Amino acid sequence: MGIQFPSKTPQILFTIMLYYISSVSSDYTDLVYRGCADQNFPNPSQQYSQNLKTLLNSLISQSSNTNFTKTTTGDGTQTAIFGLYQCRGDLTSDECHTCVSQFPKLAKKYCGENAIAARIQLNGCTVRYEVVGFPEISSTEMLYKVCKGGDAGKEFEGKRESGFEEVEAGMGQGSGFYGASSGGVYVMGQCEGDLSGSECSECVKSGFERVKVECGDSMSAQVYLNQCYVSYTYYPNGVVADDKASTPSKKQGTAKTVAIVVGGTAAAGFLVAIMLCVKSVLKKKPKKYQYGG
């Protein structure tokens, strides 16, 4: 027997639980937020559970080869389950695999074994699944935000806007991951891999607009939409030596490659931008958000 969804909007079905991370660690497996459906698989749930297990095994296997995959297990049946993952564009294949591999235990820990939909956002990847037929939301629906600091100064807005425009243009050229720097403002954007260049550009544009509304002149911010996210960090006095020193040396090769892609951004500076843009810096405090709420 299939799942009967209420006629109400998906806000009542999927509750986002946000955990603000107290540490400034940039570990790509750190939890940013999680979302769990309010409904569970109907009884008997064996076929759903088997399909979910098969789906997650497939996603984890694929994560060693590519940074984005979406697939459906049990397609054409009432127990079909859709899932996808997206790794951050600067992760290696091994890092992507490690990141995606965290999902089963985290989904079980936070959502239980029978939730009909779950989403886990880590610093380095997002993974989600849902039963086929689960109510959809807009690609630009905001799921999570972090705003830190304020009163960035008179020159800040123009510098930030220039960075936003460069990243938006880069996304429009078909790059699902793009970074830029403008006068000490380091900006990054990431889209899900199945968005076209124009769709990705529109998604990050919406993200930047939400940043300005939600975070104002904050010194740093992250906004996660349904199918993309954007981040920025402002250093009015430049990147300090301590920040450079704290950057893991294993990332240097990746940083240089990304710097070339974004058109000459200094490798060390851009690397710091990547590390900073994925930090969660508020005190650890659980907070409930309804999906799309």
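Helix α3 spans residues 103-111, and in this predicted model its buried residues are Phe103, Leu106, Ala107 and Cys111. Because these residues cover an arc of only 100° around the axis, they sit on the same side of α3. Look at the other side of α3 and you will find Lys105, Lys108 and Lys109, which are exposed. What, then, covers the buried residues of α3? The cover includes two helices, α1 (46-62) and α2 (93-100), along with the strands β2 (31-37), β5 (117-122) and β6 (125-131). Just after α3 comes Gly112, with a positive phi near 85°.

Let us follow one of those covering strands. Strand β6 holds Arg128, a charged residue by class. Is Arg128 buried or exposed? Its relative accessible area is 10%, under the 20% cut-off, so Arg128 counts as buried. The Arg128 side chain makes a polar contact with the side chain of Glu130, at 3.3 Å. Beyond its neighbours within four places in sequence, Arg128 is in contact with Phe82, Gly83, Leu84, Ala118, Arg119 and Glu192, and also with Phe103, one of the buried residues of α3.

Now for the empty space inside. The count comes to three cavities of 30 Å³ or more, and the largest cavity holds about 140 Å³. Its lining is made up of 19 residues, with Gln86, Gln121, Thr126, Cys228 and Tyr229 nearest the centre. Strands β5 and β6 turn up here again: each supplies at least two residues of this lining, as do β4 (81-87), β9 (185-191), β10 (220-225) and β11 (228-234). By class, the lining of the largest cavity has eight nonpolar, eight polar and three charged residues.

Notes
Residues are numbered from 1 along each chain as its sequence is written. This is a predicted model: local features need pLDDT of at least 70, side-chain atom pairs count only at pLDDT 80 or more; totals for chains, interfaces and linings use all residues. Side-chain values use heavy atoms; hydrogens and water are left out. Buried means under 20% relative accessible area, exposed over 50%, partly exposed in between (1.4 Å probe, protein chains only). Helices (H or I, at least four residues) and strands (E, at least two) are DSSP runs, numbered from the N terminus. The arc is that of the directions from the helix axis to the C-beta atoms. Contact means heavy atoms within 4.5 Å. A polar contact is a pair of N or O atoms within 3.5 Å; within protein, one must be able to donate a hydrogen and the other to accept it, and residues adjacent in sequence count only if both atoms are side-chain atoms. On a 1 Å grid over the protein atoms alone, a cavity is a set of points where a 1.4 Å probe fits but cannot get out, and a pocket is an open set with protein on both sides within 12 Å along at least five of seven lines; lining residues have an atom within 4 Å of a point. Grid points are joined across faces, edges and corners, and a volume is the space filled by probe spheres set on the points.
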